Amino acid sequence: MHNSPVPISDRLALFPDSTRVQQDALFIAGQDLGSLADRYGTPLYVYDRLTLEAAAADYQSALRKYYPAPSHITYAGKAFLCKAIAEWTQTHDLFVDCTGEGEIAIAVAGGVPPQNILVHGVNKSISDLQAAVQYAGTIVVDNTAELQRIHNLFPNPELRFPGLWFRLLPGVAVSTHHSHTQTGQYDSKFGMTREEIMQAVQMSKSVNLPVNGIHFHQGSNFRDPEPLIPAIDMALDLAKEISFRGEWHFCPGGGWSVAYHEDEVPNPSIESYVRGIAEAVIEGCHQRGLDLPHLHLEPGRSLIGRAGVAIYRVGAVKQRGDKTWWLVDGGMADNPRHALYGARYSCLTVAGPGRERNERVSIGGPYCESGDVLIEDLLMPKVEEGELVAIPVAGAYQLSMSSNYNGARRPEVLMLEAGRATSMIRRETTDDLLRRDLPLG
Ligand SMILES: Cc1ncc(COP(=O)(O)O)c(C=O)c1O
């Protein structure tokens, strides 16, 4: 077996900006992850505020630099939403993309004002639409049946009726690591074809519904922006056909990638992504004689993914043939991404992170599924049972997709900033698990 040629800096580059190795252990925002794990228990999720602030600033400054008309960042709430994160979004005046009534309720509780709430969803229910009309500034309409439901529910749109955007299915997907994270391909369940959108435009005109934007989202976790160009062209052709004038809105979704593993470093540049989109929209509008729209970008993982770290404790080490298993105290219940679509991750030990890596390990969880795996085949140092490990880029689509499988109680979630840890979500208890259950009677 070879000793690791990989320097620790390769893996540290995946961790939040304020991560340091001090006293031979991992610290984030000046705090020792080992002490936090002892105090709050494991699995434990921590978010670094500095990294979040930096990502929001990167997006906003790139938009200011490359796009001369109004622009907005919409935080994709599906990546991870709780009251504290909703509150944080408003310190940057971000829009918040909410999928349905539940996320709308969290955004409202976190103080997001109606003009900054945008509602998504591929099959919005009546109660989703009622919540959207009450609390949101924008509904992104996914299909003509939904448009009909909106009209049936609100036959006489009031003045504060949210603006409606139509979601285009461009028929072009971005390249992602798994088909389950693609949404723009011709046979996707998301959005409307060009013909369906023109039908929806006629419908909304005939009943006076306020349509003022076009949206598409081709997939998540891509780093080649090329497929955005034909989709932008298609959306601008539609905008021309609809004859948007004056203030109108255009959103080419989110999905920009972050590096999850050291062989994906460096992180793709947010500035070049924003620049590419801005230039294509400016040029495309110019060619078609369109007014420049308000440009909206909708990042999730590239805004919050890198800010999060998941900390687990190793409970047992097993040797099975050539394979070494580390069994930790969390897994697919707090992070189903590997089980769902083979997501890859990296890892450092919390103590002695620079130890020689001389063993290929797979990291599995405590749940009764062979697919309950977080990491496969990663070079790590030898560990003792009871040691802590930290998995970076844990900020997006982990907790938001977490479950109570096998009675798992969801982890505590902390925000870390300059020597301060604030609990954003407390650890679930068995009482929480039982709260919704009723006796047969
Ligand atoms: C409509 C929409 N917008 C934005 C996003 C955010 O994607 P990402 O977190 O990859 O940036 C998603 C993710 O699924 C989405 O469905």
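**Exercise 1. The ligand shell**

How do the residues of the shell around the ligand divide into nonpolar, polar and charged?

*Solution.* The model is predicted. Start with the shell itself. It holds 18 residues. The closest are Ala-76, His-217, Ser-220, Gly-254 and Gly-300. Next, sort the shell by class. Five residues are nonpolar, nine are polar and four are charged. Glycine is counted as polar here.

**Exercise 2. The barrel**

Find the strands that close into a barrel, and give their order and the sense of pairing.

*Solution.* Eight strands take part. Their order is S5-S6-S7-S8-S9-S10-S11-S12, and the pairing is parallel. From one strand to the next, the twist averages 25°. Now look at one pair in detail. Strand S7 covers residues 117-120, and strand S8 covers residues 138-141. Two bridges join S7 and S8, in the parallel sense. To locate the pair in the structure, go to Leu-118, which stands opposite Thr-138 in S8.

**Exercise 3. Two domains and their contact**

Take the domain assignment of the chain and describe how domain 1 meets domain 2.

*Solution.* First, set the bounds. Domain 1 is made of 8-48 and 306-434, while domain 2 spans 50-305. The C-alpha centres of the two domains are 31 Å apart. Second, count the contact residues. Domain 1 gives 30 and domain 2 gives 24, with C-beta atoms within 7 Å as the cut-off. Third, ask which elements of domain 1 supply the touching side. Helix H1 (8-12), strand S4 (44-48), helix H12 (337-341), strand S19 (412-417) and strand S20 (420-425) each supply at least two residues. Last, classify that side of domain 1. It has 17 nonpolar, six polar and seven charged residues.

**Exercise 4. The S19-S20 hairpin**

In which sense do S19 and S20 pair, and over how many bridges?

*Solution.* The sense is antiparallel, and there are five bridges. One of the bridge partnerships sets Glu-417 against Arg-420 in S20. Two residues lie between the strands of this hairpin. Check the backbone there: Ala-418 takes a positive phi near 25°. Both strands also appear in Exercise 3, where S19 and S20 each supply at least two residues to the side of domain 1 that touches domain 2.

**Exercise 5. The whole chain**

Why can the chain be called as compact as a globular protein of its length?

*Solution.* Begin with the inventory: the chain has 13 helices and 20 strands. The radius of gyration is 23 Å. For 441 residues the globule rule gives 22 Å. The two values are close, so the chain is as compact as a globular protein of that length. Along the principal axes, its C-alpha atoms fill a box of roughly 70 × 60 × 40 Å.

Technical notes. Residues are numbered from 1 along each chain as its sequence is written. This is a predicted model: local features need pLDDT of at least 70, side-chain atom pairs count only at pLDDT 80 or more; totals for chains, interfaces and linings use all residues. A residue is near a molecule or strand if its C-beta atom, placed from the backbone, lies within 6 Å of it. Two strands pair if DSSP finds at least two bridges between them. Helices (H or I, at least four residues) and strands (E, at least two) are DSSP runs, numbered from the N terminus. Axes are lines fitted to C-alpha atoms, for helices over the stretch in contact, and angles run from 0 to 180 degrees between N-to-C directions. Domain bounds come from an automatic or database domain assignment. Two residues are in contact if their C-beta atoms, placed from the backbone, lie within 7 Å. The radius of gyration is taken over C-alpha atoms; the globule rule is 2.2 Å times the number of residues to the power 0.38.
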